[in-house]
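Subject: Structure handover

Hello,

Here is the structure I promised to pass on. Please open it and keep it beside this email while you read.

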Amino acid sequence: MDLPERLWRETIEALPSEIALLDSDGTILFTNRQWRDFGRENGLVGESAASLGENYLEITEGADDEHARRAFDGLRALLAGEQSRFTVEYPCHSPDERRWFRMSAKLLEHGGDRYIVMEHLNITGRKLAELMVREKSERLEALHGAAQELLQIESQEEAVTFAVTTLKEVLEMPIGGLWLYAPDRHVLEPAAATEEAETLVGDHPTYRSEESLSWQAFAEDTTYVFDELSKTPGRYNLETPIRSEMILPLGPHGVLNIGATEVHAFDETDVTLAEIWAVTVTQVLSQIKREWRLHERERELTRERDRLEQFASLVSHDLRTPLTVAMGRLELASEECDTEHLVHADHALYRMEQLIEDLLTLAREGEAVGKTEPVRIPAFVEKCWSTVETRHASLRTNTDLAVQADESRLAQVFENLFRNAIEHGNDDVTITVGALEDERGFFIEDDGPGIPEDEREEVFKSGYSTTSDGTGFGLPIVKQIVEAHGWKIFVGEGASGGARFEITGVGRITG
């Protein structure tokens, strides 16, 4: 054997893939060491042995396998000169291992004869990676579908049941349970579990503060993965049949536990998908809790409206009727006699009528705001001013701003603030309406005696008044209307020491 041929053979023998040379009939003329070792290690003998002198075409043609038939067709096409290269990937599993190979064949022509150089390369690593990616993608897609279903659930009980069912049906983790935090007792209570978990573990415990790994994960809001639970200190049940466990926090709601009876049962993909699911469950439980609180608030508001309506009915009918009778009788009495006592009685009845009107405003209109529209302040405040008993008071408007508001409710704001300034100021009090410089809003200010600093928070409380003629409901009505618009009102001291009411958060002010 000359040097070039020896080097050629040694080179082929050293290659990591399995190499064979076939003649034009398909007979194996040469194989390298990898090819021979593979046949020996896998017990390929007799008719199935692809060794020297055997006809590879006959072996593949007689095999009851789709990939072998494709190999046969490809090799025949090469030898027929129909193509120069051929490749096929195929599984070749053993009892102990899943394996895949890629067969590549190339046509060679030498001395007028045709030969085939054939290579079999182990591609198991790549195939397993592809399968893992595909499996993860399919599980993630299924998890996405489950998340869409979970988002439609409105009941906490249904949500936690669906959460553990998904562990089994989508994530292929049949042993799982969910615990919810009970703030009144400061414990984690079992809320749902898969059938497999119930069968394996039985009754699930209630976890109390700092007595279990589940509580630790909940308190620290941290996912824990235990590959060998029996070697983990702090586990709740020392005799548990669970060997691997994932504990996933659900924010303030509780924890989701996933177990397995084998050690090292969860890989990185399992943990990632479980964490995605835990985040989804947490979001849904938070959403359900918000909706529940909203419904509770709506029910409470409905009950409050009903009570106010009953109160308004009482004020409107049961108080107004005798008041009307008393005012009529007083008018008749005034025709028969002339005494200052009747004047005082008339004033008292008038004040009672004012009280009834203000009470009805608070009770019936409540925090309602109707359709809003642009309201230009200068002309609007003049209109409001004309409806108030102004005595010798005067109004100044030093701005040309406009606001978006419910016109009828805003009129109540200005009218009540005007009356308040006149009632507490001198007969010639001056009231100024203008726009705020630094914030989007406006102010109503007077040059009267003002409101003491320690009383400024009290003026918005129902019934609070510093005059004998006041009902104590005017400013609470103002505050209610302002807040119903989404604005805020503050009381302070004006430039001349009088009262200054600033209304902010009004929105864009246009000139």
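A search of the whole structure, which is a predicted model, finds one cavity of 30 Å³ or more. The largest cavity holds about 40 Å³ of space. Which residues line the largest cavity? They are Leu417, Ala421, Ile431, Ile444, Glu445, Asp446, Ala499 and Phe501. Three elements give two or more residues each to this lining: helix 12 (407–424), strand 16 (441–446) and strand 18 (499–504). Strand 16 supplies the largest share, with three residues.

Next, look at one of the sheets.

Six strands form an open sheet in the order 8-7-6-11-10-9. Their pairing is antiparallel. Strand 8 (207–208) and strand 9 (224–226) stand at the edges. Each of these two has a single partner strand, so one side of each is left without a neighbour in the sheet.

Now go to strand 6 and strand 11. Strand 6 covers residues 175–182, and strand 11 covers residues 254–260. The two run antiparallel and are joined by six bridges. To find your place, pick out tryptophan 179. Opposite tryptophan 179 stands valine 255, in strand 11.

Two helices go with this sheet. Helix 6 (residues 156–169) lies across strand 6, strand 7 (187–193) and strand 11. Helix 6 runs at about 150 degrees to strand 6. Helix 8 (residues 213–220) also packs on the sheet. Helix 8 touches strand 6, strand 7, strand 8, strand 9, strand 10 (244–249) and strand 11. The direction of helix 8 makes about 150 degrees with that of strand 9.

Then there are the charged side chains.

Side chains of opposite charge can pair when their charged atoms come close. How many salt bridges are there? The count comes to 17. Here are three of them to check on screen.

Start with glutamate 89 and lysine 127. Their side chains meet in a salt bridge, at 3.4 Å from N to O. This pair links distant parts of the chain, 38 residues apart. Glutamate 89 sits in strand 3 (residues 85–91), while lysine 127 sits in helix 5 (residues 124–151). Is glutamate 89 buried, partly exposed or exposed? Glutamate 89 counts as partly exposed because its relative accessibility is 29%, and the partly exposed class runs between 20% and 50%.

Stay in helix 5 for the next pair. Glutamate 130 forms a salt bridge with arginine 126, and their closest N and O atoms are 2.7 Å apart. The two residues are four apart in helix 5, so about one helical turn separates them. Glutamate 130 is partly exposed, with a relative accessible area of 30%. Arginine 126 is partly exposed too, at 35%.

These two pairs belong together. A network of salt bridges links Glu89, Arg126, Lys127 and Glu130.

The third pair is in helix 13 (residues 474–484). Glutamate 483 forms a salt bridge with lysine 479 there, with the closest N and O atoms 2.6 Å apart. These residues are four apart, about one turn of the helix. Glutamate 483 counts as partly exposed, at 44% relative accessibility. Lysine 479 counts as partly exposed as well, at 26%.

That is the handover. Try finding the cavity lining on screen, then the sheet, then the salt bridges.

Best wishes

Technical notes. Residues are numbered from 1 along each chain as its sequence is written. This is a predicted model: local features need pLDDT of at least 70, side-chain atom pairs count only at pLDDT 80 or more; totals for chains, interfaces and linings use all residues. Side-chain values use heavy atoms; hydrogens and water are left out. Two strands pair if DSSP finds at least two bridges between them. Contact means heavy atoms within 4.5 Å. Axes are lines fitted to C-alpha atoms, for helices over the stretch in contact, and angles run from 0 to 180 degrees between N-to-C directions. A salt bridge is a side-chain nitrogen of Lys or Arg within 4 Å of a carboxyl oxygen of Asp or Glu. Buried means under 20% relative accessible area, exposed over 50%, partly exposed in between (1.4 Å probe, protein chains only). On a 1 Å grid over the protein atoms alone, a cavity is a set of points where a 1.4 Å probe fits but cannot get out, and a pocket is an open set with protein on both sides within 12 Å along at least five of seven lines; lining residues have an atom within 4 Å of a point. Grid points are joined across faces, edges and corners, and a volume is the space filled by probe spheres set on the points.
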